[in-house]
Amino acid sequence: KENKLWGGRFEESVTDAVERFTESISFDKLLYKHDIMGSRAHASMLAKQGLISNSDRDIIIEGLNKIEKLIEDGKFEWRTDREDVHMNIEAALIDMIGEPGKKLHTARSRNDQVLTDFRLWCRDAIDLIVQRVKYLQVALLKLAIKNEGLIVPGYTHLQRAQPVLLQHLLLAFVEQLERDAGRLLDCRARLNFCPLGACALAGTGLPIDRFMTADELGFTGPLSNSIDAVSDRDFILEFLSANSIIAIHLSRLGEEWVLWASEEFGFITPSDAVSTGSSIMPQKKNPDPMELVRGKSARVVGDLVTLLTLCKGLPLAYNRDLQEDKEPSFDSVKTILGMLEVSAEFAQNITFNEERIKKALPAGHLDATTLADYLVKKGVPFRTSHDIVGRAVALCVSKNCQLKELSLDELRSLNPVFDKDVYEYLGVENAVEKFSSYGSTGSSSVAYQVDYWVTKLGIT
Ligand code: ARG
């Protein structure tokens with residue numbers, strides 16, 4: 001067996017079971033690019049500070065570049081006995097270039113190294129997620145533009161409530177996603193500080209320049225407290241929290257579309273490209289992708305809970321438990337990226353069944369609130385008008401008709417204030433237009449919102 005990089009004080013090598021149990025190379029090799037990036041910056045800084053020679057620096061960087069290429073070509077041998085990505089790369093570098101390679105770990109510990117890698121990885125992951133959030137926003141906005149003017153029932157308690165423009169409803173998701181991206185970018189700004197140079201926990205007496213490495217790696221600056229730098233995982237908790245909120249938003253979008261695709265709602269028809277069938281029922285066409293979006297949200301929330309639980313009760317500073325932060329984080333990012341991608345594809349592949357939606361619109365007295373507002377405009381206190389319209393609805397229920405089908409005499413029998421202009425308020429088409437104040441669902445208000453998003457998302 002090879003002597004470990006930390007082998008000096010050890011007489012025996014670890015058992016196979018311990019090696020298998022403690023390794024992280026099987027998953028943290030995902031960090032190789034960021035690990036090498038960090039090492040290059042570290043070597044440059046060591047040379048500038050006179051801690052290694054310029055020629056050692058050049059040999060180290062050339063070796064690291066070669067290793068990066070080997071990894072990318074699938075020719076690098078990842079070794080479990082070398083435990084993790086950091087030691088695999090460092091040991092391979094020493095194998096490759098000899099003595100200069102042994103100088104790379106000057107004024108560095110794996111504790112600050114792993115966090116440098118991880119923060120760099122989070123930054124890239126956030127950028128990727130924010131981009132996919134935008135793709136989904138664009139897909140939803142395009143779907144809205146394609147269906148301009150379509151009125152759908154709005155629900156509360158999943159009971160028909162008020163008429164809304166489909167555009168308004170789709171833009172509700174666009175708004176949520178905008179805040180989701182904002183949360184990720186806030187998190188990115190807060191996590192963009194460099195732990196490198198914090199070393200094991202106490203910092204170092206060697207004359208390093210932490211500002212230089214921070215700068216070279218694109219960080220805002222170095223973290224100020226070396227103990228904090230290697231202890232906390234709040235940045236990843238924040239990141240996974242932001243992912244969890246996205247997951248919950250997408251889960252709700254998924255539920256909406258699954259419901260709409262049902263025979264009972266029949267609002268949308270997803271194309272075959274985003275549907276799957278049944279192994280026994282020949283007629284089935286299911287909206288599985290969105291069901292899985294709903295389902296996979298559980299994983300993303302689970303990943304966050306794993307991380308929270310992992311950190312709870314840990315003493316300062318680094319503890320090996322923290323190695324368990326990687327897999328849930330990788331899983332959260334991979335899952336959320338998939339959820340965003342598939343949701344955007346689904347949005348591109350649904351058709352709204354206009355005829356069917358129109359036919360079903362009269363049900364549920366969606367214009368009742370508008371009628372109550374009509375009475376308010378005539379000077380009736382809202383509580384009273386609510387009661388009057390309630391009785392009008394009861395009359396409709398007993399006659400099995402719509403509000404707009406009641407005669408003026410019938411309406412006046414409830415309250416003499418009704419006039420023939422009342423019919424401009426009744427029926428969903430009239431009713432929806434009356435929702436005109438800022439942020440409401442009427443067409444002028446919604447057109448304003450659509451314009452805003454077209455400009456903001458740069459749609460042509
Ligand atoms: N693989 C470790 C992790 O992911 C790297 C840090 C190990 N540090 C140590 N002192 N054992 O946390």
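1. Starting at the C-terminal side of this predicted model: over residues 366-433 the chain is 60% helix and 0% strand, with the end C-alpha atoms 13 Å apart. That span carries a UniProt label, "domain: Argininosuccinate lyase C-terminal", taken from an unreviewed entry.

2. The other annotated stretch is residues 8-302, which UniProt (again an unreviewed entry) gives as "domain: Fumarate lyase N-terminal". Here the secondary structure comes to 60% helix and 7% strand, and the end C-alpha atoms sit 40 Å apart.

3. For the whole chain, the tally is 18 helices and six strands. The radius of gyration is 31 Å, well over the 23 Å that the globule rule gives for 460 residues, so the chain is more spread out than a compact globule. If you want a box for it, the C-alpha trace spans about 100 × 55 × 45 Å along its principal axes.

4. Now a helix pair. Two packed helices are described by the angle between their axes and the distance between the axes. For H4 (residues 54-72) and H5 (residues 85-97), the angle is about 115° and the axes are 10 Å apart. The crossing of H4 past H5 is right-handed. On the H4 side the contact uses Ile-59, Ile-60, Gly-63, Leu-64, Lys-66 and Ile-67, while H5 brings Ile-89, Ala-92, Leu-93, Met-96 and Ile-97. By class, that makes nine nonpolar residues, one polar and one charged.

5. Which residues surround the ligand? The shell is made up of Ser-24, Asp-28, Asp-84, Arg-110, Asn-111, Val-114, Tyr-318, Arg-320, Leu-322 and Gln-323. Helix H6 (residues 110-146) supplies the largest share of this shell, three residues. Sorted by type, the ligand's surroundings are three nonpolar, three polar and four charged residues.

6. Two backbone spots deserve a look. Most residues other than glycine have a negative phi, and most peptide bonds are trans. Against that, the peptide bond from Leu-316 to Ala-317 is cis, with omega near 0°. Ala-317 is found in the loop between helix H11 (288-311) and helix H12 (326-348).

7. The second spot is Cys-199, a residue other than glycine with a positive phi, near 55°. Its location is the loop that runs between strand E3 (193-194) and helix H8 (210-216). If you go through the backbone by hand, I'd look at Cys-199 with its positive phi along with the cis bond from Leu-316 to Ala-317.

Methods: Residues numbered from 1 in each chain as written. Predicted model: local features only at pLDDT ≥ 70, side-chain atom pairs only at ≥ 80, totals over all residues. Axes fitted to C-alpha atoms, helices over the stretch in contact; angles between N-to-C directions. Helix = DSSP H or I, 4+ residues; strand = E, 2+ residues; numbered from the N terminus. Left-handed = near helix turned anticlockwise from the far one by under 90°. Contact = placed C-beta atoms within 7 Å. Nonpolar A, V, L, I, M, F, W, Y, C, P; charged D, E, K, R; others polar. Near = placed C-beta within 6 Å. UniProt positions renumbered as here; feature names shortened; annotations may be inferred. Rg over C-alpha atoms; globule rule 2.2 N^0.38 Å.
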